[in-house]
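Student: Please take a close look at one enclosed space inside this protein and describe what surrounds it. After that, I would like to see it set against the rest of the chain, with attention to charged side chains and backbone geometry.

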Amino acid sequence: MAWANRKVELLEEGHTAVSVAVYFDTRTRIVLEYDPSQVPLGHTLNGYLVRFLNNLAKASLDTPLGAVSMLDKAQEERLIDLSGHRQIQSHIALPCSSQFEQAAAKHPNRIALVEADGTELSFQILDQSADRMARRLAQAGVLPGDHVGICMGRGAGFITAILAIWKAGAAFVPMDPGYPSATLNIIAQDSDLRFVLVDTTAPLLEATTLDVEALPHTEAQLPDPDQRDPADTAYVIFTSGSTGRPKGVMVSHASLAAHAAAIIPHFDLKAADRVLQFAALSFDVALEEIIPTLLAGSTLVLRQDSMSESISDFLEQSNALGITVMNLPTGFWVTLTDLMHEQTKAFPPKVRLVIVGGERMPLSVLRRWRETVPNVRILNGYGPTEATITCTTFDATTRQLEEDTVPIGRPLSHAQVWVLTTDGALAPEGVPGELFISGPALAQGYIGNPDRTNRSFCRPAFKPAVVRTYHTGDRAVWRDGLLHFLGRSDRQIKLRGYRIEPGQIEAALESQGAIDRAHVALHKTSFGQLQLVAWYSAPKDHVAPSPDAVKELAAKLLPPQMRPLPMPVASWPKTPGGKIDTARLPSPEPLPAGNSSEEVEHTELSQKVAEIFSGILNVADISPTTSFFDAGGDSLSLLRLMPEIEKVFGQKLKPTDIYSDPTPRGVLSALNSGEADPLVVIPIQPKGALPPLYAVHVLGDNGSFFRPLAAELGPNQPLFGLTVGHISEDTPTTIEDIAAFYLHQITRHHPTGPLALIAVSSGSYATMELAQQLLAAGRDVFALILLDAEGPGGRARVSWPKRILAHIQNLRSFGWPYIKKIRAGRFRERKLKIATARLQKRANDKDSVTAQDILNVADFVAANKCAIEAYHIQPYPRRLTIYRAGHDRFDSPDAIRSGLGWSSVAAGGFDILDVPGDHLGILQAPYVKVLGQNIARRLASR
């Protein structure tokens, strides 16, 4: 054994910056080696390792690894100080509803609320209105502990409803009327709502609804205010969920009160402040704007919609309204800063505080802001819904920043923030880790999902012992005593201030049979822009739906911020581990639509519009037919586009002008048409050599009712939509005037040649009058097609016994959805009845209904009904083609013989044909295929 005492050395050259070797000799020896040029703090790293091992040797067998610290006492104390652990506020005894009542009693005549139209409500009036609504809600069946949805537009009614629901002992669930019904129905179902409070902005819902104008006039007794429990749920807000369903975050009165108690002094809210309510009402930042403002005795000012659509309007109205405090999404603030910097626009002089949050604040933009608005306090805020809105801020007004990012600062008095290593121990200052939050403002958890709650809200292992923390999923680091946000540690996306779960979008798209698989991710274009993209494939042996079809699908299933740019793929590239390799998926960066040299010439003006697009989006080679949105544009870049167009062309456009045809050619057309005479023809399917078919008046969102039909008619059949466009004081309201407006549109759009008209339901009357005016003008209307429309002679229905039998047959055929359809129909009829009565009263007062009386979609439908009743229809000299919904079992034989009531005016005769589907279902898959075949034959028979 002569070799036993020999010394052996291993000489090895490696590429690692740090290595740890363990030698078992007479005693265990651990050696840490590092490259000082790559790891300048290697000595500090060695100290962490030594302390960790010493503490590990002292730990018991049941000690969690996260409780074994690598830090010395001074370092631990420093992190505890930074976390806010020592400054946490005392318990808040009163819920916000009680605090508001105290504020109203203290200064009853002070203005609490200013609506978008300038209407002012005092604290006393707002409190009394909330009391009255609360007693009516109690009479309608609301009990303490219930959840009540609010699906209402921005207005005093929404604020009153929040306070009233709290006074009734219940919790509220905000539901954005602009969201698809499918999303709202999920929210209603998962929230176990007593009912949903709605106004005329709300869509049809499957849940039980109660119109805010139809609350019981009798009032029940309210729960004793002294018995309000701060531990009760105050609200439930839904955020994107990775399982495919949005997840509801429950927040208690105590948590919201703790948040308000921290925000009021931090924002220094005073009675003279006028705080702008800017955020979407279903977004938790809206509560940060509303609740602290009212509790501080300040004035809450509700914005007009135009303030989020135009930077010029935002600045002008903020100045006119005397705003002093505003809380803005990061994306909007970036656009605001850039435009003020570029165009030397003045910032409203009374604004003293701007809070920015939702996304990472770009340092370069902050520097431009400081140059442009040097004397206004600006806070960079951070906070997830689960921690009750903003929980850290950084005052970015004057402090010089040495780092390349803007910090998110330090915690407010209601929060503690901790940066932890992967094993749950405190991460040293300067070392990135995962961000956890604790404190009295933590949410209760996720409604109906205890497993997720237990995973996300847990007791940590590190010292000091903290009862409960929320695992944010964000990465952060302490640098020089300030917290810096580093991004997400999972697939969740933060885009334009919204938290987006790709899995929810994927599940929504895959729930439809046409898409077998979807993959959603952020794509960074070659010019640095971020796009939300959905790659998708079809089931085997099937053809993938077109991107346009997927866009329509997303619009029905997902809220606007979650609608991706669709990109079909034939196969899925994989990583070595078998996952989808996003980097190898085809680039979604758009190519110019069509061959610009063949389809349309680049005129000097359209080239100028294309150059504006390119400058805004940093995208080269924009053709006249390239969509602004397909090229990477969004609502924020649209804010930059409109003032740029106004500066170059000297003409102001509205967002609706862009949305109707978002191409350089379309923008040029809108500019050429002028404000007084806009062209509002929607190109549902503009290609093809056949005579055009115009769908009239009732089109659905952006022509959605007729897009499936356009696909069935094929690429050679042009199909356009006619609409009155954006409601203004010049919008026609009588059938004759509406038809004359459409005649003018067609004359400009298709001045000569034959054409056909098609309409569904009540749009048939304007279409009939349009056909009459076209014929009088010498135009050839070779087909007039009416879809399941009731004529002036009425649509006779079967007798009551047969109706009952028809209901039973429908219930057997369609099951529970048929019941929900009946309920939705009755709700729609009730809304229409209320809106019609309101318009008729206005008409009686003024002898006519004008465009100013039309405030929303329900009013528009009611105005159309009133116009039909006042219309004197004349016999039509040519043959009518009428399609009846074959699933309608309620039409009597007389109804069919009379052409659904059109026979009395069908001087040229009529044809009536049954097609499968219900009233609007005949225009939707799968039934639209039969309708499309029939209409194609009718159009070909001319």
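Tutor: In this predicted model, the second largest cavity draws at least two lining residues from each of three elements, namely strand S11 (274–277), helix H8 (285–295) and strand S13 (325–329). Its volume is about 60 Å³, and it belongs to a set of three cavities of 30 Å³ or more. The lining consists of Phe267, Leu269, Val275, Leu276, Glu288, Glu289, Thr293, Val325, Met326, Asn327 and Ile355. By residue class, seven of these are nonpolar, two are polar and two are charged, the charged members being Glu288 and Glu289.

The setting of this cavity is a protein of 942 residues, of which 52% are buried, with 27 helices and 35 strands. If one takes the contacts between residues at least 6 apart in sequence, 68% of them join residues at least 24 apart.

Turning to charged side chains elsewhere, one may begin with Glu76, which lies in helix H2 (residues 73–83). Glu76 is buried and yet has no salt bridge, the nearest side chain of opposite charge being that of Lys73 at 4.7 Å, which is beyond the 4 Å allowed for such a pair. Once neighbours within four places in sequence are set aside, Glu76 is in contact with Ser69 and Leu71. Lys73 instead forms a salt bridge with Glu77, with the closest N and O atoms 3.8 Å apart; these two residues are about one helical turn from each other, because they are four residues apart in helix H2. Lys73 is exposed, at 60% relative accessible area, whereas Glu77 is partly exposed, at 28%.

That pair is one of the 28 salt bridges in the structure, and others span much longer stretches of sequence, as the next two show. Asp338 and Arg640 form a salt bridge in which the closest N and O atoms are 3.7 Å apart. Asp338 belongs to helix H10 (residues 330–343) and Arg640 to helix H17 (residues 635–649), so this pair ties together parts that are 302 residues apart in sequence. Both Asp338 and Arg640 are buried. A further salt bridge joins Arg707 to Glu552, with 3.9 Å between the closest N and O atoms. Here Arg707 is in helix H20 (residues 707–713) and Glu552 in helix H14 (residues 547–557), so parts 155 residues apart in sequence are tied together; Glu552 is partly exposed, with a relative accessible area of 26%. Salt bridges with shared partners also join Asp788, Arg795, Arg797, Arg884, Asp888, Asp891 and Asp914 into one network.

The backbone deserves the same care, since most residues other than glycine have a negative phi, and most peptide bonds are trans. Asp192, which is not a glycine, has a positive phi of about 55° and sits in the loop between helix H6 (181–191) and strand S7 (195–198). Thr388 likewise has a positive phi, near 60°, in the loop between strand S15 (377–382) and strand S16 (392–395). Asp192 counts as exposed, at 65% relative accessibility, while Thr388 counts as buried, at 0%. Finally, the peptide bond from Ala925 to Pro926 is cis, with omega near 0°, and Pro926 is found in the loop between strand S35 (910–915) and helix H27 (928–940).

Notes:
Residues numbered from 1 in each chain as written. Predicted model: local features only at pLDDT ≥ 70, side-chain atom pairs only at ≥ 80, totals over all residues. Heavy atoms only, no water. 1 Å grid on protein atoms, 1.4 Å probe; cavity = no way out; pocket = protein on both sides within 12 Å on 5 of 7 lines; lining within 4 Å. Points joined across faces, edges and corners; volume = space filled by probe spheres on them. Nonpolar A, V, L, I, M, F, W, Y, C, P; charged D, E, K, R; others polar. Buried < 20%, exposed > 50% of the residue type's maximum accessible area, 1.4 Å probe, protein only. Lys, Arg positive; Asp, Glu negative; His and termini not counted. Contact = heavy atoms within 4.5 Å.
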